[in-house]
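Hello,

Here is the structure for you to look over. My notes follow below it.

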Amino acid sequence: MRSAYRPGVVMLFLLATLAATPAARAEEQTEPPPWLEGHAAYRLLALAMDDMVLDQAGTQQGQNFWMEQRLRVGATLRRGGLTAKFGADLLTGLLAGDTTNLGARLVQQPRDRHNAHRGFMLRDAMIAWRSAYGELRLGQQVSHWGLGLLSNSGAEPPPFGQQRLGDVMERVAFFTRPLPWLTTGLGADLVFRDSNAELLEGDIGVNAFAALIVHLSRHTAGVYGVYRTQWDHDDERLEVGVVDLYAHGQGDLPRGLSWDAALEGMLEAGRTSRMRAEPDLEGADVLAGGAVVRGALAHKPSRLRFTVELGFASGDNDLNDDTVRQLHFHSDYRVGLILFREQLGALSARSADRLEDAGHQGQAPHGVRHAVSNGGVTNALYIWPHLAFGPLAGIT
């Protein structure tokens, strides 16, 4: 985490320069004074769990109680059509309790040591310029789309569990609103960190994307298309295109009731050289998909909210052919509290550890780290009902 500071140094310098640059004399007479907003949030989690047997040899996770913390801070400065934004996670990581070496070399957030005292992650260091034609955004910034199956900022609290990552991009993008009910956007990214790449680990991921969003009163629908080309630090390649559809609507009903519904579905296709069935194969085709449909009914006087979610993420029933069909939801998209995040995440990490063990085979398959789920939903069809009660306004 310590080295995560360096890519943000240039953007911090740009922010300081922007804040210190005087406006033109004519603008000083008509512009409102600069406006500054800041925020901070601290999170402390204590988790307890029984050991799980992970293989036929009786291997256990070995982590029964642990504590995690995160301090998230940010600031926004607006002056005329310019906006500068800064945000970071501080003191983030394992604070106390048991540690585990399970998947320590492969998972995105290992729990093999107490590291909260040195955890630092720059999330936002960007500027935006708004004009009559639209808004231009430049710099390091988080990325989110729809419900967060594909791109997830790690800033939308789930009903259970907590997000730990969030997609961070070095991005240039332009968004415009040609019609009052229509927003369009184009952009390009150098991936700093997401569930598929880590720039500081040597992964070079580049995105080109476009988005179209329709706004109709309390309803929203949109389509997001992205093309990713990536060179992994272990010399593997990935080239995929993804189309993601999203819709959301809400409304009021009699007797203090309200409804809320959303769906997101995505299809990805392309080619990869990861996880090749045979070492002499150059690569495999990628064809995978998944979707989530969610509906909720809330009763305002009692502060009760009942939600049902139905989800599907494709799996691969033939690992020896030349097509990869398994899809992973973003690891920060939480479904439940234990099954996907802890149990299946630990099982996939243990399987990857064994694949890397020279005592089991001479050479690990290429791209074995991408077989680890990191707690994301994969190879599953699920239904998830849950009931929330908020005794006080703003607390659920």
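Arg123 is buried (under 20% relative accessible area, 1.4 Å probe, protein chains only), yet Arg123 has no salt bridge. A salt bridge here is a side-chain nitrogen of Lys or Arg within 4 Å of a carboxyl oxygen of Asp or Glu. The nearest side chain of opposite charge is Asp89, 4.3 Å away. Lys and Arg count as positive, Asp and Glu as negative; His and the chain ends are not counted.

This is a predicted model: local features need pLDDT of at least 70, side-chain atom pairs need 80 or more, and totals for chains, interfaces and linings use all residues. Residues are numbered from 1 along each chain as its sequence is written, and side-chain values use heavy atoms, without hydrogens and water.

What else surrounds Arg123? Beyond neighbours within four places in sequence, its contacts (heavy atoms within 4.5 Å) include Arg72, Asp89, Gln140 and Leu165. Ser153 is in contact too. The backbone oxygen of Ser153 lies 3.1 Å from a polar atom of the Arg123 side chain.

Arg123 sits in strand β4 (residues 120-131). Strands are DSSP runs of E, at least two residues, numbered from the N terminus. Strands pair if DSSP finds at least two bridges between them. β4 runs antiparallel to β3, with nine bridges. Leu82 has Trp129 in β4 as its bridge partner.

β3 (residues 82-97) also pairs with β2 (residues 65-79), antiparallel, over 13 bridges. Two residues separate β2 and β3 in a hairpin. Gly80 in that turn has a positive phi of about 65°.

Best wishes

Technical notes: Helix = DSSP H or I, 4+ residues; strand = E, 2+ residues; numbered from the N terminus. Buried < 20%, exposed > 50% of the residue type's maximum accessible area, 1.4 Å probe, protein only. Polar contact = N/O pair within 3.5 Å; in protein donor to acceptor, adjacent residues only side chain to side chain.
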